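Trainee: I would like to go through this structure step by step. May I put some questions to you?

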Amino acid sequence: IDLSVQRDIDKLEATFPSCKGKYRLIKRIGEGTFSTVYKAEDIQYDQYDNSWDIDAAESQWRPPPLRNSSHSRPNTSHKPKFVAIKKIYVTSSPARILNELELLHDLRDSHSVCPLITAFRQADQVLAILPYFRHQDFRKYYPQMSVYDMRVYFRSLFTALAAVHEKGIIHRDIKPTNFLYDPDKKRGVLVDFGLAEREGVETKPCLCHEDRQVRKQRLQQSVAFSSAQAGPQPGYPVNDTRPSRRANRAGTRGFRAPEVLFKCTEQTTKIDVWSAGVILLTILCKRFPFFNSADDIEAMIEIATIYGSKRMKQAGQIHGCVFDTNIPTIGERGFSFEKIMLWSTCRSDGGKDGKSNTLTEEEKGAIEFLHRCMDLDPTKRISAKEALVHEFLQMNDT
Ligand code: ADP
Ligand code: MG
């Protein structure tokens with residue numbers, strides 16, 4: 001154990017003397033933007049009780065229902081042996097921390113969502129205790145994944161998403177580090193509800209929720225504007241006096257849905273489906289991160305390069321935005337996912353090095369599913385529930 005980790009652990013135990021007799025900290029397992037996560041052993045663990053054991057109840061694992069009192073005082077008879085202790089940084093706002101804990105509590109019985117065991121607070125320090133879920137680093141396993149492995153992975157991810165969305169909750173930060181996947185067990189759990197929110201709360205109407213006819217009329221009068229020109233250059237409105245659009249943009253660069261970039265004010269659970277699509281695109285193209293933008297404008301440019309300016313314009317119009325660009329690398333028609341996948345896996349050279357330069361039937365199936373997840377129009381994009389009955393996620397054929 002390295003010194004800085006030991007110092008961390010000592011500090012944590014000094015702040016939370018109540019934890020000292022309960023958990024033995026083992027190591028630091030994660031360091032995110034909003035927290036540090038430690039693996040710890042539950043000292044009061046009851047070895048004969050496996051109701052929390054994710055490995056024990058293979059396919060049908062669910063956390064035991066939380067009793068009212070067990071939220072603040074853990075029930076010693078329902079415990080996993082290893083836990084993840086998430087120390088939320090004191091710089092997080094109390095409202096944010098409460099939001100995360102509340103949503104986790106709401107999702108306690110949801111399949112494939114990592115449940116909250118309990119939480120501690122000491123002044124401005126908050127610890128969330130979660131069952132430890134063994135997983136592998138995405139970077140390690142994604143280059144080797146077969147199409148079948150992808151189907152298993154996405155079946156698990158979409159099961160979790162469907163459960164979250166069923167409760168009207170948007171996760172907002174779907175990406176590989178927030179879906180803890182164990183390729184051996186072929187199971188994953190969704191973590192990190194730090195940015196999650198309830199759908200339809202505090203939203204202002206957006207054109208995307210109106211019917212097409214109304215949308216067309218409104219758009220003609222619309223002054224809403226969004227530009228994909230990189231920085232102030234000729235034609236960029238430097239002294240733009242129009243009111244700026246405000247919308248929730250929380251999430252991670254490269255995984256943000258187009259409607260988030262267009263600052264849609266009525267974002268839905270479909271933004272998570274887009275992000276899941278970006279993970280699939282990453283695995284198919286064997287490039288991580290696939291999108292590598294520094295800001296939202298660059299992110300728009302990346303998406304526009306693939307989809308082409310014509311479809312990007314239409315995507316903007318859905319939310320009352322005018323998309324315009326003079327960037328020469330953005331063509332009108334863009335590129336197909338098939339082409340991008342062949343290029344990025346070096347299979348577009350006419351099959352010279354023995355690799356086939358056409359996609360297999362199952363790869364085509366994956367691309368078809370990808371199209372449904374990464375539809376620029378959130379109203380047409382597949383939902384998590386629909387995805388679970390999509391052919392790509394049916395496992396009974398093998
Ligand atoms: P942050 O908000 O800082 O991103 P996360 O909840 O995503 O915090 O946790 C950060 C990392 O800690 C995860 O990417 C994962 O590696 C690890 N982690 C979090 N929860 C668990 C858990 N229940 N079991 C095992 N590892 C976990
Ligand atoms: Mg995270």
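Trainee: Which strands each supply at least two residues of the shell around ligand 1?

Mentor: This is a predicted model. Of the 19 residues around ligand 1, those that come nearest are Gly-30, Gly-32, Val-37, Ala-84 and Asp-192. The strands that each supply at least two residues of the shell are β1 (23-31), β2 (35-42) and β3 (82-88).

Trainee: How do the residues of the shell around ligand 1 divide into nonpolar, polar and charged?

Mentor: Gly-30 and Gly-32 are among the residues that come nearest to ligand 1, and Gly counts as polar. The shell around ligand 1 divides into ten nonpolar, seven polar and two charged residues.

Trainee: Which strands stand at the edges of the open sheet, each with a single partner strand?

Mentor: The open sheet has five strands in the order β1-β2-β3-β5-β4, and their pairing is antiparallel. One side of each edge strand is left without a neighbour in the sheet, because each has a single partner strand; these edge strands are β1 and β4 (118-122).

Trainee: Which residue of β3 is the bridge partner of Val-37?

Mentor: Strands β2 and β3 pair in the antiparallel sense, over seven bridges. In β3, the bridge partner of Val-37 is Lys-86.

Trainee: What angle does the direction of helix α1 make with that of β1?

Mentor: Helix α1 (residues 3-15) packs on the sheet, where α1 touches β1, β3, β4 and β5 (125-131). The direction of α1 makes an angle with that of β1 of about 125°.

Trainee: Which helix gives the largest share of the largest nonpolar core?

Mentor: This core has 91 residues, of which Val-83, Ile-85, Ala-276, Leu-280 and Cys-373 touch the most other members. The largest share of the core is ten residues, and these come from helix α8 (residues 270-285).

Trainee: Which residues does Leu-280 touch, not counting those up to four places away in sequence?

Mentor: Leu-280 is one of the core residues that touch the most other members. Not counting residues up to four places away in sequence, Leu-280 touches Met-150, Phe-154, Ala-366, Leu-370 and Cys-373.

Trainee: Is Lys-355 buried or exposed?

Mentor: Lys-355 lies in the loop between α11 (337-344) and α12 (361-373). Not counting residues up to four places away in sequence, Lys-355 touches Cys-346 and Arg-347. A residue with 12 or fewer other C-beta atoms within 10 Å counts as exposed. Lys-355 has 12 such atoms and is therefore exposed.

Note on methods. Residues numbered from 1 in each chain as written. Chains lettered and ligands numbered in written order. Predicted model: local features only at pLDDT ≥ 70, side-chain atom pairs only at ≥ 80, totals over all residues. Near = placed C-beta within 6 Å. Helix = DSSP H or I, 4+ residues; strand = E, 2+ residues; numbered from the N terminus. Core = buried A, V, L, I, M, F, W, Y, C linked by C-beta atoms within 7 Å. Buried ≥ 20, exposed ≤ 12 C-beta atoms within 10 Å, placed from the backbone. Contact = placed C-beta atoms within 7 Å. Pairing = 2+ DSSP bridges. Axes fitted to C-alpha atoms, helices over the stretch in contact; angles between N-to-C directions.
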